Amino acid sequence: MPEVPGQSERARALLDLHQPGNPVVLPTVWDAWSARLAVQAGFVALTVGSHPLADSIGKPDNEGMSFDDVLTRVAQITAAVADLGSVPISVDLESGYGLAAERLIEGLVGVGAVGLNIEDTVHSEGGRLRSSGEHAELVAALRSAADATGVHVVINARTDVFLRQGGLETGGADDLVDVAVARLTECAGAGADVLYPVGRHGPETLRRLASELPLPVNAIAAPDQDDPAAFGPLGVARISFGPFLQYALSARANELLARWR
């Protein structure tokens, strides 16, 4: 399958942007409008979030939409920013929609994306957490499939242990950090490029995660609440917004609309 022109260069550029202590901010977008808004504001790379994307097409998060739904929207996004420069785009693939790694990579590369998030919650199986070995195997399969295309798709391996702690045999926050580090270290060995212990962490937890994990770390931020300068000193390499940019815009939109009710 031929790659989209310039895709290998965008993939390398995205990977190179991940510098611990000097984090790249990837605004989380969901459609052509939000993508153009972010690029025109000066951001050099984007990530497409599953939650806001699902909301934008009237479907629930947690794989309530299909992979084809995702590809349709990502194709619109890549086309919308094509005239604004060489903008690398990563895509949240949730837990993979029950599809083979080859299909996921083929679909992403085919619509011009150069990165992906993959999480360890299996939504099609009642929301169970994959074992660390299962998740690492999926990361390895994605790396192998990406390598076969000639595009170094940037794999952001995510663990949901902080979100799903009620289902884990742990004694507290310190144990959760240990579990997250162990899981994501396996993913690093399997071919991940970035590690994403998703959750709204305090400074000490983020500092520990960044220091103990062997690859660049992705942190989530609320764009209307968090201090952009706070993450670099903690060793973070990447910041994304999850659904929080959409939430902040929705709150402001409600204020404007309330004036006219």
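# Worked exercises: a sheet, a helix pair and a ring pair

Strand S8 (residues 154-159) is largely enclosed by the rest of the structure, because six of its six residues are buried. Buried means under 20% relative accessible area, exposed means over 50%, and partly exposed lies in between (1.4 Å probe, protein chains only). Helices (H or I, at least four residues) and strands (E, at least two) are DSSP runs, numbered from the N terminus.

This is a predicted model: local features need pLDDT of at least 70, side-chain atom pairs count only at pLDDT 80 or more, and totals for chains, interfaces and linings use all residues. Residues are numbered from 1 along each chain as its sequence is written, and side-chain values use heavy atoms, with hydrogens and water left out.

## Exercise 1. The sheet around S8

Task: Find which residues of S8 are buried on one side and which on the other. Then place S8 in its sheet.

Solution.

1. Take the faces. Val154, Asn156 and Arg158 are buried on one side of S8. Ile155, Ala157 and Thr159 are buried on the other, so both faces are covered.
2. Take the sheet. It is open, has six strands and runs S2-S3-S4-S5-S8-S9 with parallel pairing. Two strands pair if DSSP finds at least two bridges between them.
3. Find the edges. S2 (28-29) and S9 (194-197) each have a single partner strand, so one side of each is left without a neighbour in the sheet.
4. Go to S5 (residues 115-118). Four bridges join S5 to S8, and the two run parallel. Leu116 has Ile155 as its bridge partner in S8.
5. Go to S9. S8 and S9 pair over four bridges, in the parallel sense. Asn156 has Val194 as its bridge partner in S9.
6. Add S3 and S4. Strand S3 (residues 46-48) is joined to strand S4 (residues 89-92) by three bridges, again parallel. Leu46 has Ile89 as its bridge partner in S4.

## Exercise 2. Two helices and a loop

Task: Describe how H2 and H4 cross. Then locate Asn62 and Glu63.

Solution.

1. Recall the description. Two packed helices are described by the angle between their axes and the distance between the axes.
2. Apply it. The axes of H2 (residues 32-40) and H4 (residues 67-81) come within 8 Å and cross at roughly 35°. Axes are lines fitted to C-alpha atoms, for helices over the stretch in contact, and angles run from 0 to 180 degrees between N-to-C directions.
3. Assign the hand. The H2 and H4 crossing is right-handed. A crossing is left-handed if the near helix is turned anticlockwise from the far one by less than a right angle, and right-handed if clockwise.
4. List the contacts (heavy atoms within 4.5 Å). Ala32, Ala35, Arg36 and Val39 in H2 meet Gln76, Ile77, Ala80 and Val81 in H4.
5. Turn to the loop between H3 (50-56) and H4, where Asn62 is found. Glu63 is also in the loop between H3 and H4.
6. Check the backbone. Asn62 is not a glycine, yet has a positive phi of about 65°. Glu63, not a glycine either, has a positive phi of about 65°.
7. Check the burial. Asn62 is partly exposed at 46% relative accessibility. Glu63 is buried at 17%.

## Exercise 3. The rings of H9

Task: Classify the aromatic pair of Phe244 and Tyr247. Which charged end sits over the ring of Phe244?

Solution.

1. Count. The structure holds two aromatic pairs.
2. Classify. Phe244 and Tyr247 are edge-to-face, at 5.8 Å centre to centre with 80° between the planes. Rings of Phe, Tyr and Trp (its six-membered ring) pair if their centres lie within 6.5 Å; planes under 30 degrees apart count as stacked, over 60 as edge-to-face and the rest as tilted.
3. Place the pair. Both residues lie in helix H9 (residues 244-258), three residues apart, about one turn of the helix.
4. Compare exposure. Phe244 is partly exposed at a relative accessible area of 23%. Tyr247 is partly exposed at 40%.
5. Add the charge. The charged end of Arg200 sits over the Phe244 ring, 5.7 Å from its centre. The criterion is NZ of Lys or CZ of Arg within 6 Å of the ring centre and within 35 degrees of the ring normal.
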